[in-house]
Amino acid sequence: MSNENINDAVEAVDEAAVEVVEAVEVAAQDPEAFKQAFRQFADVFHDASPRFKIVWDFVPDRPDYGVENYYPGDEAVDVIGQDVYWQRLYQSQDPLEAFDQSVNGHGRGLAWVADFAEARGKQIALPEWGASGDDAGPWIDAMDAWMDSHDVVFANYWDDDTAYPGRYS
């Protein structure tokens, strides 16, 4: 791919991202509107190139809205994603207990994601994951083992303190 094509692709992604954010804000309270907007977004990228892979990603600690009601369908989604953090304010102070909560808790933990993805023949992504504290090693090791034992296509470790007072992970 030439630099010009790469620049065009980046510009298209930037423009699409802004449109998606605007559509999601409007459709957030309406699952059908959200699914329609998501499918339209996915169609644009799938039509442009089969190399684009669309990730349907959610945060597990907000089960009240029934995240599965917002699933836009297998045609629009290539990968099922979830953001996972060890947040001591909301989870156990013990790293292994906290990781178990990440897998089995929150209503839609990693176990739910694995089952949901497997039922649809989809790979898993962890677009954001991280752990806080100098004693996070066991939590990170447990996450590494979980990723190794599941069909995880990519994972991005969050290690940035710009939005938080002090290092988050």
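Just after helix H3, His106 takes a positive phi of about 65 degrees, and I should say at once that this is a predicted model. At the other end, where H3 starts, a side-chain oxygen of Asp94 comes to within 3.1 Å of the backbone nitrogen of Leu96.

Between these points, H3 covers residues 95–104, and its buried residues are Pro95, Ala98, Phe99, Ser102 and Val103. Seen down the helix axis, they fall within an arc of 145 degrees, so they line one face of H3. What covers them includes strand S3, helix H4 and helix H5.

From H5, which spans residues 137–148, I would pick out Trp146, which counts as buried because its relative accessibility is 8%, under the 20% cut-off. Among the residues it touches are Phe99 and Val103, together with Leu110 and Ala114. The C-alpha atoms of Trp146 and Val103 are separated by 9.0 Å, although the two residues are 43 apart along the chain.

Let me turn to the aromatic rings, where the count comes to 13 pairs. In one of them, Phe41 and Phe45 have ring centres 4.9 Å apart and planes at 50 degrees, so this pair is tilted. Both residues lie in helix H2, four residues apart, about one turn of the helix; Phe41 is partly exposed at 23%, whereas Phe45 is buried at 8%.

Trp112 and Phe116, by contrast, form a stacked pair, 4.7 Å centre to centre with 20 degrees between the planes, and both lie in H4. Together with Trp56, Phe58 and Tyr71, they form one aromatic cluster. Finally, Arg108 lies over the face of Trp112, at 5.7 Å from the ring centre, and Arg120 lies over the face of Tyr71, at 5.2 Å.

Key
Residues are numbered from 1 along each chain as its sequence is written. This is a predicted model: local features need pLDDT of at least 70, side-chain atom pairs count only at pLDDT 80 or more; totals for chains, interfaces and linings use all residues. Side-chain values use heavy atoms; hydrogens and water are left out. Helices (H or I, at least four residues) and strands (E, at least two) are DSSP runs, numbered from the N terminus. Buried means under 20% relative accessible area, exposed over 50%, partly exposed in between (1.4 Å probe, protein chains only). Contact means heavy atoms within 4.5 Å. The arc is that of the directions from the helix axis to the C-beta atoms. A polar contact is a pair of N or O atoms within 3.5 Å; within protein, one must be able to donate a hydrogen and the other to accept it, and residues adjacent in sequence count only if both atoms are side-chain atoms. Rings of Phe, Tyr and Trp (its six-membered ring) pair if their centres lie within 6.5 Å; planes under 30 degrees apart count as stacked, over 60 as edge-to-face and the rest as tilted. A charge sits over a ring if NZ of Lys or CZ of Arg is within 6 Å of the ring centre and within 35 degrees of the ring normal. Lists of a residue's contacts leave out its neighbours within four places in sequence.
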